[in-house]
Amino acid sequence: MAAVEPTSVADVSDGLRRADYLPGESTALVAFLAIKLGKPVLVEGPAGVGKTELAKALARLLDRRLVRLQCYEGLDETKALYEWNYRKQLLRIQAEAAGTGWDAVQDDIFSEDFLLARPLLQAIAAPEPVVLLIDEIDKTDQEFEAMLLEVLSDFQISIPELGPVVATTHPVVLLTSNNSRELTEALKRRCLYLWLDYPALEHELEIVRLHTPELDAAIARKLVEVVHMVRELDLKKPPSIAESIDWARALLLLGADDLDADTFRSTLSVIVKHRTDLDIVAERVGVRLGSLAGGALAAE
Ligand SMILES: Nc1ncnc2c1ncn2[C@@H]1O[C@H](COP(=O)(O)OP(=O)(O)O)[C@@H](O)[C@H]1O
Ligand SMILES: [Mg+2]
């Protein structure tokens, strides 16, 4: 299949929609620039607003393989770049006839056959261009970020025993962050920046309807209105798009024909997941739903 190369922002926007992702205004623009300028994009925002999905959708749009590095505390180079396969090396050493000199064995066991390529090396060494997702970079430490900078600025990885591995194709790189810590200026300087937030009501409704087209349109609208109301409250963890979609699926499964106070109370835990938040929401929103008895929630 021929490589897909979007030629305009509108192209990217349409392509993302075809890949089941409904981009906000700046999303398509930043994605287009990233593809054209070959610069990594840092996507920041609260959990569950479509950061990871954007990378997946871009891979579908560009018809490229997605290589994903999931970050976590303590992630190091052996899990991000590469690692020698010690067990295989040891087996080879044992299998060698006693007469073989160390030099010969050493040349052998530090060859590509004994290398375990982790996501960053996989992305750099891939013969076809890929989309590289470095997910939740804020979970790692600053040393890791520094190492990453080198990879992202040179698109090359040096392996002392083998020499440098240089990218022959240019990956589209997305880094995501849930904003749990401030990232370094050095990293930000090298990236384009996209802030994803909770979407506007109509946009979120469109996303919910995309994921649950079978759900009654009036219920879907009410659901999104309620979620927006809940987000206004001072909660530990406001519901995200992910929760809206889960809630829509739950209501569909339960065959709910209205989002009344009872349905709301019994399914509340799908969108609110902290003990104290539950109390606040049940009280503030539950009461309101009860008094509206089926009517629209429209502006008050
Ligand atoms: N713009 C969008 N278009 C379609 N689906 C979306 C969009 N934004 C979020 N979603 C959906 O919301 C859910 C959460 O998205 P995800 O990418 O996992 O969030 P994040 O990585 O920001 O925590 C996924 O099911 C995703 O498909
Ligand atoms: Mg994510």
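The largest cavity of this predicted model is lined by Thr 27, Val 30, Ala 31, Val 41, Leu 54, Leu 58, Leu 174 and Leu 194. Its volume is about 40 Å³. Beyond this cavity, the briefing covers an open sheet of five parallel strands, a largest pocket with about 530 Å³ of space, a hairpin that joins β6 to β7, and several individual residues.

**The largest cavity**

- One cavity reaches the size of 30 Å³ or more.
- Helices α2 and α3 (51-62) each contribute at least two residues to the lining of the largest cavity.
- Helix α2 gives the largest share of that lining, with three residues.
- By class, the lining of the largest cavity holds seven nonpolar residues, one polar residue and no charged residue.

**The five-stranded sheet**

- The strands of the open sheet follow the order β2-β5-β8-β1-β9, with parallel pairing.
- Strands β2 (66-70) and β9 (192-195) form the edges, and each of them pairs on one side only.
- On average, neighbouring strands of this sheet are turned by 20° against each other, with direction ignored.
- Helix α2 (residues 25-37) packs on the sheet and touches β1 (41-44), β8 and β9. The direction of α2 makes about 160° with that of β9.

**Strand β5 and its partners**

- Strand β5 (residues 131-135) is joined to strand β8 (residues 172-177) by four bridges, and the two run parallel.
- Within this pairing, Leu 132 has Val 173 of β8 as its bridge partner, while Leu 133 stands opposite Leu 174 in β8. Leu 174 is also one of the residues that line the largest cavity.
- Strand β5 also pairs with β2, in the parallel sense and over five bridges. Here Gln 70 stands opposite Asp 135 in β5.
- Strand β5 is mostly covered, with five of its five residues buried.
- In a regular strand, side chains alternate between the two faces of the sheet.
- In β5, both faces are covered: Val 131, Leu 133 and Asp 135 are buried on one side, and Leu 132 and Ile 134 are buried on the other.

**The β6-β7 hairpin**

- Strands β6 (residues 156-159) and β7 (residues 163-166) run antiparallel and are joined by four bridges.
- A hairpin of three residues leads from β6 to β7.
- The bridge partner of Ile 159 in β7 is Gly 163.

**The largest pocket**

- The largest pocket contains about 530 Å³ of space.
- Its lining comprises 31 residues, of which Tyr 21, Gly 48, Val 49, Gly 50 and Ile 241 lie nearest the centre of the pocket.
- Helices α2, α3, α10 (201-211) and α12 (241-254) each supply at least two residues of this lining.
- The largest share of the pocket lining, four residues, comes from α10.
- The lining of the largest pocket divides into 14 nonpolar, 10 polar and seven charged residues.
- Helices α2 and α3 each supply at least two residues to the lining of the largest cavity, and they also each supply at least two to the lining of the largest pocket.

**Residues with positive phi**

- Phe 155 is a residue other than glycine with a positive phi, near 45°.
- Phe 155 belongs to the loop between α8 (142-154) and β6. With 10% relative accessibility, Phe 155 falls under the 20% limit and therefore counts as buried.
- Asn 179 is likewise not a glycine, and its phi is positive at about 70°.
- Asn 179 lies in the loop between β8 and α9 (185-190). Its relative accessibility is 36%, between the limits of 20% and 50%, so Asn 179 counts as partly exposed.

**Thr 267 and its contacts**

- Thr 267 is found in helix α13 (residues 261-267).
- The relative accessible area of Thr 267 is 4%, which is under 20%, so this residue is buried.
- When neighbours within four places in sequence are left aside, Thr 267 is in contact with Trp 247, Leu 251 and Leu 254.

Conventions: Residues numbered from 1 in each chain as written. Chains lettered and ligands numbered in written order. Predicted model: local features only at pLDDT ≥ 70, side-chain atom pairs only at ≥ 80, totals over all residues. Heavy atoms only, no water. Pairing = 2+ DSSP bridges. Axes fitted to C-alpha atoms, helices over the stretch in contact; angles between N-to-C directions. Contact = heavy atoms within 4.5 Å. 1 Å grid on protein atoms, 1.4 Å probe; cavity = no way out; pocket = protein on both sides within 12 Å on 5 of 7 lines; lining within 4 Å. Points joined across faces, edges and corners; volume = space filled by probe spheres on them. Nonpolar A, V, L, I, M, F, W, Y, C, P; charged D, E, K, R; others polar. Buried < 20%, exposed > 50% of the residue type's maximum accessible area, 1.4 Å probe, protein only.
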